[in-house]
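Reader: I have a structure open on my screen and would like to know what stands behind the labels people attach to it. Could you walk me through it?

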Amino acid sequence: MIKFEVFTLDNGLKVLVNQDLSTPLVAMNILYNVGSKDEDPDRTGLAHLFEHLMFSGSVNIPEFDPPLQLAGGENNAFTNNDITNYYLTLPYENLETGFWLESDRMLGLNLTEGNIEIQKSVVVEEFKQRYINQPYGDVMHLLRPLTYKIHPYKWPPIGVDISHIATASLEHVSDFFFSHYAPNNAILSLSGKITPDEAYRLSNKWFGPVEKRELRKKNITPEPEQTEERKLSVLRNVPVTALYKAWHVCKRTDEDFYTLDLLTDILAGGESGRLYSKLVREKGLFSEVNAWLTSDIDPGLVIFQGRLMNNVDIEVAEQSLNEIIDELKHKEPETKEMEKVKNRYESATVISNSGILNKAMNLAYYELLGNPELINSEIENFCRVSPEMVKESAIKYLNPSNCSTVYYISERGEK
Amino acid sequence: MKEVLNRKEAPPVREIDPGNIPEAQSFKLENGIRVYLIESGNEELIRMEFTFKAGQIKEESPLVSTTTNMMLTEGTENYTADQISSEFDFLGAFPNHSADKDTAGFVVYCLNRHVENILRLCREVLFSPVFPEKELDILMKKRLRLFQVNREKVQNLASDKFFESIFGESHPYGWQVSENHFTGISSAMLSDFHGKYYTPENMAVIVSGKIPEELTKLIELHFGDLSHRVPVADGPEKKPAGSNDRRFRIKKPGAVQSAIRLGKPTINKRHPDYPGLKVLNTILGGYFGSRLMKNLREEKGYTYGVHSSLSSLNLSGFMMIATEVNKNVTEKAVDEILKEITRLQNEPVGRSELSVVRNYMTGEIIRMFDGPFALAESFKAVWDFGLDNNYYYRLLEKIKTIEPDEITELARTYYKTDELYEIIAG
């Protein structure tokens, strides 16, 4: 049971505190409700570029990192389709340094042509390192636009293309800040050696004076229902052919979410999962398989990915995968299998809530979903899923007409 | 009245107190197996690690130690591979295999209420594996596929070559794997390796978390009956020896970035100079504000990241600077790295930079002991070398007291640029 308190500052900033006396550290997490889905289609990658710029100094503080390191702290951040999330941990003695740094960069950044140019090159190198210079690195750039035709989930957070980043200007960046970075669009969460009173006092002191801002309205067109199977086949200079499939599913706060999460675990949870046990161990068709739920705020995906063994025909492999999917639609899972995935879920939840940084991140995220109590109660939602619900969800979502498939074929002469 | 905030001025930084590092409670089973218990955490959760001196250093040819380790869960006297994974999954346990250069083992995370069943299963996989042919065949095919994919990555090409050149192509620390190794592994080789090195004498159990009262008894019950075996006499210690050539270029057609690996073998954490070298390494490239990050990333935009690491092995140690850079600036990046090392050899580190590094490193040490998982890893990191928490206290003391002159001296002694190996793939 994780205890926490919640309060809201006058400027709209939500604050959550979990006191944990087992550690001399405090974790501080700030979630901004802005992600790559808030970008313009011709200016993608901006939310992520912006995350980099958040470390280039703010109104009153020339550099973010050195003062934090001087206080014994460490930090990082990530950007996904929905959110931009910043986090740090500090020895409790120097906790106030965290408040000082984070509130100042919420107040405003020190954006200059110079530091934008540098961070653009850094992000371009990141793009190359992770998406171009890696085997299979471009697969999300193929699968997403095949799956989403309208919704901005059709591009990955790094952006559609290097040119979008390379041509971003000071004006684009600064406009983005004021439309999305604001106390009334953020959630601050704390976990560790801090009392709720201290959190209240320091939040008011440092974040209180940051003014509320007019936010750009989220104006996202929902993705229309997919009615026809979509396929794409590409030839690439990789040693091993791979298969990817994606099905549209529900949003994170939909009640089907838990069923789908459980269903994905039946397929791909551990080596006893159906995919590994049939496709790798029994039939030797794939060298590795995985399936996961993207857990996006707007309707997301169930994605399958697998790499083929030598001399396996991709259509034969796909057929075997489809048989496993079909089985879910015809036969409810046995009680023992249901119990297994629930046990796994329980352990995973306990592990995920066992460190202060995870707790702080989870609290902020659940608050964004509208209910921080989920940090304790989500497991019950998961345990309520019945075998019939799994079957129904498989029938409802895992249809060929709702599916997009990428054949990622090795051009080195193998089948 | 409302307090006026002066945002220009940082809140005062107070001295950080790392306090005492929790000690492990240790005891021996009747048959000599060593057990260490580290009490920590709020959740009914433990991490159990079974570690053996059965790493790559013990193998006669590549892949034997890693394959032996991975095959532990692929079939035993009483269970098939499927039954083993079903059992672990059903108990909500997350097992992890590991086989490194010196040690190999098995780590399980599980809820306390399943601990007895988990121990029974761990005993089975650690001491009764049968290395079935069919599973071995699938595993080797899988591993070959993964190997083929990894060999497409410039960072792997560069790292593999780096270890080969600093430790030698015929030493287990350095030898490279090639495709034909994947077909040369037999069940008998693995059985033999397992019989020699996965023995009670060669094993220790490290448990951390909220330790259930009955755990000691349960470990005794499931592992205490293993009979003592005559230890295998190790041959003469295999001394690693680097190659004479120090510069290698690996061409990777189509690459848009080059991977750079620069470094050399050096002392390990048993050496008295090691804590000081840790400080030097941090300044150079061991944290986000390091000189290399500032220069190559934040000033020049050559790379997404550059890191320098200092690592210990039982028979050696090594320092390695690693980065992937825009292909067009490869040579410039190497020059800048060398320039930063030379600067550390010639100019004393400034006071304010040194304060940042002192405090950052002290914070890191606190993070290294925060929570049951971190505690166990930090314990093992010194225990493997026959050391204890005194190592960390010495390190803390050095962090606090090291002077700029000493850093310069260390850079001159240990980071001689003409001794560096330089590998570039791309």
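**Labels and the values behind them**

Reader: Glad to start with one residue: what makes L63(B) count as buried?

Author: L63(B) has 22 other C-beta atoms within 10 Å. A residue is called buried from 20 or more such atoms, so L63(B) is buried. Please keep in mind that this is a predicted model.

Reader: Where does L63(B) lie in chain B, and what is its phi?

Author: L63(B) sits in the loop between β3 (45-52) and α1 (64-71) of chain B. Its phi is positive, about 80°, although L63(B) is not a glycine.

Reader: Why is Y136(A) called partly exposed?

Author: Y136(A) has 18 C-beta neighbours inside 10 Å. Buried takes 20 or more and exposed takes 12 or fewer, so Y136(A) counts as partly exposed. Y136(A) is in the loop between α4 (113-132) and α5 (139-147) of chain A. The phi of Y136(A) is near 70°, a positive value in a residue other than glycine.

Reader: How do you know whether L101(A) is buried or exposed?

Author: The same kind of count answers that. For L101(A), 26 other C-beta atoms lie within 10 Å, and the cut-off for buried is 20 or more, so L101(A) is buried. L101(A) belongs to helix α3 (residues 95-107) of chain A.

Reader: And which residues does L101(A) touch, leaving out those up to four places away in sequence?

Author: L101(A) touches I61(A), F64(A), P67(A) and L68(A). Take L68(A): L101(A) and L68(A) are 33 residues apart along the chain, and their C-alpha atoms are separated by 7.8 Å. The contact rule uses C-beta atoms placed from the backbone, with a limit of 7 Å, so the C-alpha separation is not the value that decides it.

Reader: Let's turn to helices. Why are α11(B) and α13(B) called roughly antiparallel?

Author: The axes of α11 (residues 351-368) and α13 (residues 390-401) of chain B cross at roughly 160° and come within 9 Å. Angles over 145 degrees count as roughly antiparallel, and therefore α11(B) and α13(B) are given that label. The crossing of α11(B) past α13(B) is left-handed.

Reader: Which residues make the contact between α11(B) and α13(B)?

Author: From α11(B) come R358(B), M361(B), T362(B) and I365(B), and from α13(B) come Y392(B), L396(B), I399(B) and K400(B). Sorted by class, this contact has five nonpolar, one polar and two charged residues.

Reader: What makes α9(A) and α12(A) roughly perpendicular?

Author: In chain A, the axes of α9 (residues 256-268) and α12 (residues 335-352) cross at roughly 105° and come within 10 Å. The range for roughly perpendicular is 65 to 115 degrees, so α9(A) and α12(A) are roughly perpendicular to each other. Here L262(A), D265(A) and I266(A) of α9(A) meet E337(A), V341(A), R344(A) and Y345(A) of α12(A). By class there are four nonpolar, no polar and three charged residues in this contact.

Reader: Now the whole chains. How many helices and strands does chain A have, and why is chain A called as compact as a globular protein of its length?

Author: Chain A has 15 helices and eleven strands. The radius of gyration of chain A is 23 Å, and the globule rule gives 22 Å for 415 residues; the two are close, so chain A is as compact as a globular protein of that length. Of those 415 residues, 50% count as buried.

Reader: What makes chain B as compact as a globular protein of its length?

Author: Chain B has 14 helices and eleven strands. Its radius of gyration is 24 Å, close to the 22 Å that the rule gives for 426 residues, so chain B is as compact as a globular protein of that length. Along its principal axes, the C-alpha trace of chain B spans about 65 × 65 × 45 Å.

Reader: Finally, how many residues does each chain bring to the contact between them?

Author: Chain B brings 62 residues and chain A brings 60 residues. On the side of chain B that touches chain A, α11(B) gives the most, with eight residues. That side divides into 27 nonpolar, 18 polar and 17 charged residues.

Technical notes: Residues numbered from 1 in each chain as written. Chains lettered and ligands numbered in written order. Predicted model: local features only at pLDDT ≥ 70, side-chain atom pairs only at ≥ 80, totals over all residues. Helix = DSSP H or I, 4+ residues; strand = E, 2+ residues; numbered from the N terminus. Rg over C-alpha atoms; globule rule 2.2 N^0.38 Å. Axes fitted to C-alpha atoms, helices over the stretch in contact; angles between N-to-C directions. Parallel < 35°, antiparallel > 145°, perpendicular 65-115°, else oblique. Left-handed = near helix turned anticlockwise from the far one by under 90°. Contact = placed C-beta atoms within 7 Å. Nonpolar A, V, L, I, M, F, W, Y, C, P; charged D, E, K, R; others polar.
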